[in-house]
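Work through the exercises below with the sequence and the model at hand. Each task is followed by a solution in steps.

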Amino acid sequence: MSSPVPQSVYAERLARVRAELAARGLDGFVVPISDEHMSEYVGDYAQRMAWLTGFGGSAGTAAVLPSKAAVFVDGRYTVQVRDQVDGSLFDYVGVPQSSVAEWLGVNVSAGQKIGFDPWLHGIDWARGLGKALADKGAQLVAVDANPLDAAWDDRPAPSAAAVTVYDTQLAGQAATDKRAVIADWLKARGLDTTVMTALDSVAWTFNIRGSDVSHTPVGLAFALLHADATADLFIAPEKVTDAVRAHLGNSVRVHDRDAFEAALADLKDKKVAVDPDRAVAAIFTALEAAGAKIERHRDPAVLPKAIKNDTELNGTRAAHVRDGVAVSRFLQWMEDVAPQGGLDELGAAAKLREFRDQNGALVDLSFDTISAAGPNGALPHYKVDATTNRAIETGTLYLVDSGGQYADGTTDITRTIAIGAPTAEMRRRFTQVLKGHIALATARFPKGTRGSQLDILARQYLWADGVDYAHGTGHGVGAYLAVHEGPQRIAKPSGGQAGTEEALHAGMILSNEPGYYKAGAFGIRIENLVIVVPQSIDGAEEDMLGFETITFAPIAQNLIDAALLSGAEADWLDAYHAAVFEKLAPGMAGDDRGWLEAACAPLDRAPAALAA
């Protein structure tokens with residue numbers, strides 16, 4: 001997965017950044033993958049770490065000193081970072097085993113000044129690093145302008161695309177009603193204002209959508225929401241059409257995005273709610289300087305955005321049926337074409353996009369398709385490009401993780417297929433992943449259960465063989481918004497990952513995606529999206545919840561070792577495939593429908609083959 005840019009270019013960029021730092025009296029600088037909204041996915045204008053290092057993942061940080069530099073990534077990117085980033089320029093540092101603070105603590109000297117952009121980091125991170133450096137006699141310095149931007153000659157400008165109105169018929173709740181709920185939340189806590197910085201929160205709260213971040217329908221904007229139910233929206237003026245102004249109404253005052261920092265100074269003596277997980281350090285600094293009374297609260301849009309209303313859920317269900325037809329047609333095409341040879345990862349991804357386009361409702365992909373053949377499948381967040389593109393060969397596994405953005409919902413699905421006959425090892429691991437997927441899909445749990453309490457259900461069969469996977473088991477998903485949405489998450493409780501201790505609520509959408517990855521050989525993942533739904537259980541003494549699976553596409557039966565499945569697990573698979581056929585068959589005809597019927601046939605259960 002080497003970078004398409006020659007490594008010599010990164011050496012030259014690193015030298016330019018060091019020269020820029022020296023000119024500003026700085027001895028080092030920290031470069032995150034982030035923007036002014038602390039987004040997971042950022043616009044091209046904010047891809048500073050990729051420009052500096054060549055790393056193409058969605059999470060990571062770099063640190064630059066006069067004679068050393070490092071990149072910090074978690075276990076998802078251990079292989080990718082070594083393939084994309086020149087080890088002669090940057091040390092590779094794994095997190096959470098280490099951290100930026102620990103590495104700098106070892107490598108800085110007393111008297112050195114380490115810079116950071118306060119519009120790209122959280123306040124607690126900045127204070128923690130500042131203390132760690134002070135303990136070494138060094139200093140953390142907030143810069144007024146990012147030095148990388150001065151060194152980055154051809155840095156793209158932020159998107160100027162207009163935002164659009166998201167109709168209440170799709171949103172299920174008027175924007176005025178959403179802001180009234182937030183106003184009540186403020187009044188109940190004796191607060192005057194809340195600062196809203198997360199792009200998907202702004203989009204949800206104001207019922208607007210945009211195209212400023214690749215594959216995520218949001219517009220670059222900040223907002224201040226007040227206890228009187230009015231709001232101030234800070235967005236580039238060219239992005240606001242007459243239709244959007246009419247939609248926002250008189251209770252929303254529209255300002256240039258560049259006026260946001262100055263507006264914080266007007267909150268003197270006001271009680272202001274700020275989310276430390278979503279608001280950058282510069283916002284806290286500006287409010288403190290203005291004399292505002294800051295209270296730390298989670299963004300009040302986060303939880304109601306995650307708990308979908310009936311309109312959002314029904315729209316998402318419809319989007320998944322539409323999307324499932326496209327994915328199933330692609331799986332049939334792969335079954336016919338891939339064994340003939342001549343197909344590669346880019347070609348397969350393009351064909352899947354073609355099938356999605358044919359349904360006539362696709363707005364965009366929900367993320368860059370992970371089209372991974374053979375050993376590339378062992379990289380959970382692999383991203384194919386012209387330099388990494390691999391032929392899809394007989395005797396290998398092909399993993400495809402993809403999704404679509406539709407006006408009525410966001411999809412995310414992973415399927416693994418065998419090109420030719422799979423090995424016994426492939427079938428065993430696939431079946432263990434499937435068993436974990438089924439265990440989570442069929443779980444029933446008391447109201448108040450957290451994602452960390454469910455994660456082991458998906459891993460138990462892999463753990464029995466002494467293997468595991470390095471990513472979480474489930475993430476939240478938006479309604480025509482971010483494909484990764486908090487606050488809920490299903491993952492191990494360790495590692496500092498946010499969301500694992502969030503209680504699951506009816507109406508939340510999550511992924512169910514256990515996997516297995518054999519480095520240098522193959523990867524396996526089975527992913528469906530699920531809705532948290534109430535469960536009615538005779539004699540139950542607790543309010544119980546469970547999952548409704550809403551993703552529909554066949555699961556490769558030739559990769560299943562039926563001897564490893566219990567009867568109940570085989571029954572679940574047969575019932576799932578019956579539902580797949582029922583949902584998708586009306587949208588398929590001829591050979592497509594015939595293939596679907598065969599792919600959804602009951603599992604071949606040899607006599608006495610199934611475990612007790």
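**Exercise 1.** Find the strand order of the open sheet formed by six strands, and name its edge strands.

Solution. The model is a predicted one. Following the pairings gives the order S12-S11-S10-S8-S13-S14, and the pairing is mixed. Next, look for strands that pair on one side only: these are S12 (252-255) and S14 (293-296). From one strand to the next, the twist averages 20°.

**Exercise 2.** Describe how S8 is joined to S13, and which strands helix H8 touches.

Solution. Strand S8 (residues 193-196) and strand S13 (residues 271-274) run parallel and are joined by two bridges. Within this pair, Thr194 has Ala273 of S13 as its bridge partner. Helix H8 (residues 175-188) packs on the sheet and touches S8, S10 (221-226), S11 (231-235), S12 and S13. The direction of H8 makes about 60° with that of S10.

**Exercise 3.** Identify the residues of the largest nonpolar core that touch the most other members.

Solution. This core has 63 residues, and the ones sought are Phe330, Met334, Ile392, Tyr398 and Leu596. Take Tyr398 next: leaving aside residues up to four places away in sequence, its contacts include Phe330, Met334, Ile392 and Arg415. A separate second core holds 58 residues, among them Val64, Val163, Leu191 and Ala231.

**Exercise 4.** Which helix gives the most to the lining of the second largest pocket?

Solution. The pocket has a volume of about 810 Å³. Its lining comprises 38 residues, with Glu36, Asp117, Trp119, Asp144 and Glu261 nearest the centre. Helices H5 (123-135), H11 (260-264) and H12 (281-290) each supply at least two lining residues. H12 gives the most, with four residues.

Key
Residues numbered from 1 in each chain as written. Predicted model: local features only at pLDDT ≥ 70, side-chain atom pairs only at ≥ 80, totals over all residues. Heavy atoms only, no water. Pairing = 2+ DSSP bridges. Axes fitted to C-alpha atoms, helices over the stretch in contact; angles between N-to-C directions. Contact = heavy atoms within 4.5 Å. Core = buried A, V, L, I, M, F, W, Y, C linked by side-chain atoms within 4.5 Å. Buried < 20%, exposed > 50% of the residue type's maximum accessible area, 1.4 Å probe, protein only. 1 Å grid on protein atoms, 1.4 Å probe; cavity = no way out; pocket = protein on both sides within 12 Å on 5 of 7 lines; lining within 4 Å. Points joined across faces, edges and corners; volume = space filled by probe spheres on them.
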